[in-house]
Amino acid sequence: MFSPEVLSNLIIFVPTIFAFFLIFADTKATEFMRVWTLVGTAITFALSVALLGTYTPADGGIQQVVAKEWISSWNIYYRIGYDGISLTLVVLTGFVFMVSMLASWGIEKHVKGYLILFLILETGVMGVFFALDFFLFYVFWEVMLLPMYFLIGIWGGPRREYAAIKFFLYTLFGGVLMLIAMLMYFFASASMTGNGIGSFNLLDLAKWAAQGNVFSPGLQVAGFILLFIGFAIKVPTFPFHTWLPDAHVEAPTPISMILAGVLLKLGGYGIIRVAYPLCPYGAQYASYALVAIGVVSIVYGAFAALAQTDFKRMVAYSSVSHMGYVLVGIAVWKISEVTGAAEGRDYWLMGMSGAMFQMIAHGVSSPGMFFCVGVIYDRVHHRDLNQFGGLTGLMPRYSGMAAVIFFAGLGLPGLCGFIGEVFVVLSAWNYSKTLAIVSASGVILTAGYILWALQRVYLGPEYKGPHPEAITPMTSREQAIGWALIVPCFALGVYPNFVFDYTDKPMAKLVRSLDDGYQNTPKPHSELQTTQK
Amino acid sequence: MDSLGNTLANLLTIAWLLPLFGFVVQILFALKWWGRKSKTGAYLAIFCIGAGFVCSSTAFYKWDTQAGHLVFKEAKPAATAEVAAPESEPTAEASDEHHHKKSSGKQTVFSGTFYQLAQFGDLKISLDYYIDSLTLAMFVMVTLIATCIHIFATGYMSEELVEDYVDHQVHTHDGGHFHRPGRFYRFFSYLSLFCFAMLGLVIAGNIFQVFIFWELVGICSYLLIGFYIERHSASTAANKAFIVNRVGDFGFIIGLMILWTSFGTFNFADQHAADHSVKPGLFSMVTRDDHGEFAKTSGGKDVVLTTQQDGHGAWQAPPESSPRKTIAYTLLIVAGLGVFGGCVGKSAQFPLQTWLPDAMEGPTPVSALVHSATMVAAGVYLAGRFYPMFTPEVLLTIAYVGCITAFVAATIAIVATDIKKVLAYSTISQLGYMMLGLGVGGWAAGLFHLITHAFFKSLMFLCSGSVIAGCHHEQEMPKMGGLLRKMPITALTMLVGVIAIAGLAIPGVYLKFWWYIPYLSINSDHGYVLSFSGFHSKDAILATALGYTKLNPLHFLLFLIPLLTAGITSFYMFRLWFYTFLGKPRDQHLHDHVHESPWVMTAPLLVLAFFAAFCALGGEHGNLFQTLSHSEPSHVEHGFDGSQSHTVSLPDSHSLHVKPAEGGASTHDVAGRSALLAAFIGMVISYLIYAKRVVNPDDIKRQAASVHAFLANKWGFDDLYDVMFVKPAHVVAKFAAAIDKFVFDEILHTFVRMGIAVSKWDRKFDEGVIDGIVNLMGNSTHSLALSLRNVQTGKIRQYVTFIAVSVVTLFVLLFALYPKG
């Protein structure tokens with residue numbers, strides 16, 4: 001029906017168009033506006049699925065690039081396109097927004113404003129995943145920030161303002177670092193563009209980085225550190241993670257679902273799409289630190305989750321732990337000291353792919369967990385883990401669904417959480433034995449905090465907290481959300497090729513070009529290499 | 001051959017997937033379609049597993065007639081078998097000849113791929129199947145026992161067939177009993193899921209797939225232990241089981257990481273690509289030479305993987321000049337220990353044995369199926385399956401772990417009074433025996449015991465279930481007594497199990513009767529022995545252990561402790577039986593209400609009792625043992641001489657049966673007779689104390705109060721782990737949460753406070769200084785403007801002059817200041 005180029009533009013801007021028409025809606029017509037928004041997100045999701053059909057998995061490169069000159073004096077283009085990596089995340093985004101919209105029915109306050117911001121947020125996220133121009137990427141990144149700030153700050157819980165400002169400060173700080181790195185690369189690429197201005201084209205920048213002689217090692221290291229911190233805040237990894245529990249706890253349920261399901265993935269995506277390709281030398285240089293940070297995130301997040309008494313906070317920390325696998329998987333890049341070539345490149349490729357899968361899997365299971373928290377919170381208005389119990393008897397269907405979703409988070413085989421985690425862990429041994437062992441210990445802790453929470457909330461004879469009279473079975477809308485989240489949990493867990501079919505080729509290409517980039521970059525002097533080990 | 005492989009794969013796949021189908025239908029539709037009071041869901045589950053049994057048996061029959069030729073000797077008529085049996089006299093000569101025949105034939109393995117999970121470059125992960133006689137034997141055993149237990153459970157769980165079930169063990173806050181809807185269908189759906197997971201574990205063609213189903217049986221165990229979710233003890237036990245298993249899995253994952261990184265494959269079997277190239281599987285890469293040694297590098301520290309095929313298809317190490325894959329020998333040990341760590345968790349071996357007794361919180365059929373016969377045996381199964389990868393050092397560890405486990409658990413069983421707990425500890429102890437058997441080089445012996453134990457232990461658990469149901473959920477043996485009259489079938493079938501596990505036998509009995517049963521041939525080293533299955537398998541293990549200690553005198557405890565444990569086993573098992581079924585009723589009220597169970601529960605007992613008695617018929621020359629040893633890894637048979645590499649030696653399985661030239665008994669006979677003696681002593685003591693009451697057991701308890709307390713406290717493992725691991729984990733967790741709150745957030749807050757302070761100062765600066773300056777400037781501008789008003793004269797000529805002067809001035813300034821060039 002539409003050409004792929006039109007399709008990708010539609011995916012980005014359909015939400016905005018729907019948001020625009022909402023402006024004219026009557027403030028009191030809340031039901032209409034919700035349905036309207038749901039239709040908007042559903043169309044976006046349908047379009048993103050349609051886009052899957054236009055993709056050629058056999059070709060690992062970026063496909064269907066649209067480039068329109070935007071600010072010519074700065075060489076800024078409106079340049080979008082996609083490969084398997086961004087495409088899977090686009091579909092995930094479309095899915096999570098649609099499901100979250102279904103979960104937004106309970107929002108009663110300023111419905112119109114909420115829905116408009118919700119839709120603009122979707123545009124921002126989609127834009128980031130499609131953007132191939134660094135400037136455009138940055139613009140969408142910032143576009144996403146403001147709606148989120150208001151969605152937490154206005155529709156959040158009691159400490160919403162604190163959480164919103166914290167979220168804002170962290171993300172803004174990361175954005176500024178990204179801006180600096182962007183300008184560094186812009187000016188450093190001036191010699192390559194032909195007109196002497198410099199380039200924001202991520203594809204070109206990556207290509208030149210792979211050539212090795214364009215960006216100096218120093219630039220790559222500095223650039224990587226800036227970009228990494230910017231993206232690590234979003235992931236979030238230890239020690240940049242403390243905004244996350246607050247933001248999650250205060251955000252309304254659907255916003256938590258989006259935050260966990262999609263926004264965190266932007267961090268991982270940024271590392272894969274921007275930080276690594278632009279600074280292969282810097283990425284390799286920092287690899288040990290990255291893996292270590294990832295491993296610490298896994299273990300630390302799991303321990304912190306174990307200590308929580310707030311149900312939602314526990315789930316938030318589980319995100320920190322689960323996203324740690326993403327970083328580990330990306331960073332297990334071992335090189336031969338002699339040649340500088342990647343050693344056991346297939347294992348690194350496995351780690352990268354595992355990280356990618358983990359992002360998708362967590363994008364399904366984590367919104368599921370937040371949804372489960374939301375369902376019970378909507379009824380009894382508290383989240384104290386020690387004041388639940390016996391929900392299985394009172395809400396059997398809900399409890400069954402929650403069990404499946406939490407088991408997916410626990411990494412049970414057959415459900416989505418398993419593949420990503422275990423592939424990452426298996427790939428890590430090739431990089432570092434010690435770190436691999438520590439990362440594997442996460443399986444014990446994860447089982448610990450999830451099973452303990454399940455026991456306190458769902459098992460036992462009686463509900464122990466306030467408002468027992470409010471506990472009613474799931475509504476059909478809630479059941480629909482539950483099923484929508486459970487089905488992909490199983491599908492991805494049983495047949496991981498739903499993701500790997502799309503990501504295999506681009507990942508292989510990325511790993512190859514990074515490998516080249518590192519080898520081609522002239523090493524400053526031997527000292528640098530010895531200190532890094 | 002290929003068509004046979006396909007047939008087997010198809011049959012076993014059907015057997016494997018049917019329970020999954022049953023599970024999905026039950027969990028989604030049972031309540032809607034049939035309601036809580038219907039047994040239809042259970043019948044579906046029974047159909048699924050029963051059909052699975054039929055498929056498995058058919059597969060076994062096909063395999064045996066076309067490849068194995070062990071049981072169904074080319075479907076000869078009964079008369080031939082009759083002649084065949086007496087022919088094979090139990091002499092060393094005959095048995096030698098027999099073994100020779102076996103070793104000349106190559107073990108038959110059928111392998112293939114279901115579908116690929118992922119591929120990264122040369123690395124492939126897929127779901128495969130690997131079918132040999134061990135797989136088949138396990139399939140038949142699991143489906144048969146599971147079918148019996150399913151049928152038993154339709155009776156045992158029938159009180160769940162109500163809308164309003166009263167759980168007498170749970171109290172609500174107002175003091176009443178807890179009411180809930182019955183969950184009959186749920187129980188059967190979990191059982192089906194479990195069967196699916198267990199069969200998947202057995203059919204798995206690579207170690208990663210084993211891990212997948214390993215976790216799935218773990219979660220089924222969690223669901224079934226915690227079936228009474230309202231009971232805090234049940235949900236805690238379920239958590240404990242899963243988490244302790246995960247501790248073992250941590251080791252398993254480390255093993256997987258090493259294997260994956262060093263070998264680049266998880267597959268057991270060789271992989272045949274479409275272009276007829278062959279990629280070696282794990283087992284092919286660690287081929288031993290004729291002396292049982294790995295191919296090693298010149299330094300001897302690394303093992304060279306045998307990745308190249310010679311002209312005959314045998315795997316060998318590539319020459320030194322070509323690129324070779326190696327793995328450090330120590331790393332191979334660590335990998336083996338890691339995988340074994342998983343087995344320790346799953347099979348409740350020391351030091352992770354603590355979860356299994358608690359797992360008795362689950363309904364009794366679960367204890368019978370999951371926590372004695374099948375799932376816990378998965379650890380032993382994996383240790384057997386993965387045997388080629390274990391170095392002698394790993395095997396030594398396995399042997400000691402098994403030995404310690406067997407002993408510790410047996411001692412605790414002496415003081416346990418809960419009928420299920422006694423059986424639970426005996427399960428741990430018997431699993432220890434199996435591990436010991438594997439560890440001392442008795443590959444087939446360990447797995448032999450796995451199968452026989454599965455039958456007699458599931459039998460005994462079901463008997464205990466029958467007792468518990470008959471006694472209205474009383475599990476304490478001190479309240480029972482004299483139940484023989486009230487429930488004779490249960491008592492007698494239980495006796496069969498007790499004799500089997502105790503390893504009792506009547507030697508020298510010559511029963512012509514057996515020969516008339518077609519296809520069965522019996523004989524043994526001890527002449528004709530009337531005994532039940534457990535005798536033969538324990539015999540095989542102890543014989544190998546004795547052979548092992550003869551080669552490695554340092555490790556003599558590996559024979560002595562199991563021998564002692566055999567006596568203890570006999571003692572506590574008979575104690576259980578005497579306590580429960582003989583003597584006077586100790587609780588008259590309870591006794592009056594006891595009744596024998598209905599036929600749906602007793603019929604499975606009879607079936608299982610038959611197999612518990614006769615499945616090992618013929619001992620090590622019998623069909624079961626021969627079927628298993630058909631799949632024995634090729635390096636096991638000839639033993640291993642470890643004196644050169646300074647490790648332990650492993651016995652040669654033939655020599656065990658050989659009578660020494662200077663006369664006397666063979667190793668096998670010595671071990672068998674000692675074990676039998678130990679078992680008799682145990683039984684007699686038990687009889688004197690608990691049946692004859694020669695001494696009052698309570699007096700003994702008082703005399704040895706401290707020992708009793710120590711044993712009753714399960715050697716203090718639970719307390720120890722609580723102090724060592726559980727509490728510290730919670731402390732670390734609190735610490736981590738506190739770091740977030742008081743360090744990271746505090747840093748952020750400090751920055752924010754600084755920012756606010758700066759901006760406050762900034763505001764003062766703004767208002768005081770900058771505004772002051774601006775105001776000053778504003779004021780002066782104002783006054784300037786006022787003064788300039790005088791210039792505004794309204795005279796055109798004056799304006800033009802001003803403009804011209806200004807323009808000239810600007811131009812002059814421009815040219816003066818503009819940079820040249």
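**Helix pairs and a chain contact**

Biologist: Which hand is the crossing of α13(B) and α16(B)?
Modeller: α13(B) and α16(B) cross left-handed (near helix turned anticlockwise from the far one by less than a right angle). This is a predicted model, where local features need pLDDT of at least 70, side-chain atom pairs count only at 80 or more, and totals for chains, interfaces and linings use all residues. Residues count from 1 along each chain as written, chains are lettered from A and ligands numbered from 1 in written order.

Biologist: What angle do the axes of α13(B) and α16(B) cross at?
Modeller: Roughly 155°, with the axes of α13(B) (residues 377-385) and α16(B) (residues 443-470) coming within 10 Å (C-alpha line fits over the contact stretch, N-to-C angles 0 to 180 degrees; helices are DSSP H or I runs of at least four residues, strands E runs of at least two). So α13(B) is roughly antiparallel to α16(B) (over 145 degrees; under 35 is roughly parallel).

Biologist: Which residues meet there?
Modeller: From α13(B), Ala377(B), Val380(B), Tyr381(B) and Gly384(B). They meet Trp443(B), Gly446(B), Leu447(B), Leu450(B) and Ala454(B) of α16(B) (C-beta atoms, placed from the backbone, within 7 Å).

Biologist: Switching chains, how do α16(A) and α20(A) run?
Modeller: The axes of α16(A) (residues 396-410) and α20(A) (residues 476-494) come within 10 Å and cross at roughly 30°, so the two helices are roughly parallel. α16(A) passes α20(A) in a left-handed crossing.

Biologist: What meets what in that pair?
Modeller: Arg397(A), Met401(A), Val404(A), Ile405(A) and Ala408(A) of α16(A) meet Gln479(A), Gly482(A), Leu485(A), Ile486(A) and Cys489(A) of α20(A).

Biologist: How many residues does the contact between the chains take?
Modeller: Chain B gives 45 and chain A gives 41. On the side of chain B, the largest share, 16 residues, comes from α8(B).

Conventions
Parallel < 35°, antiparallel > 145°, perpendicular 65-115°, else oblique. Contact = placed C-beta atoms within 7 Å.
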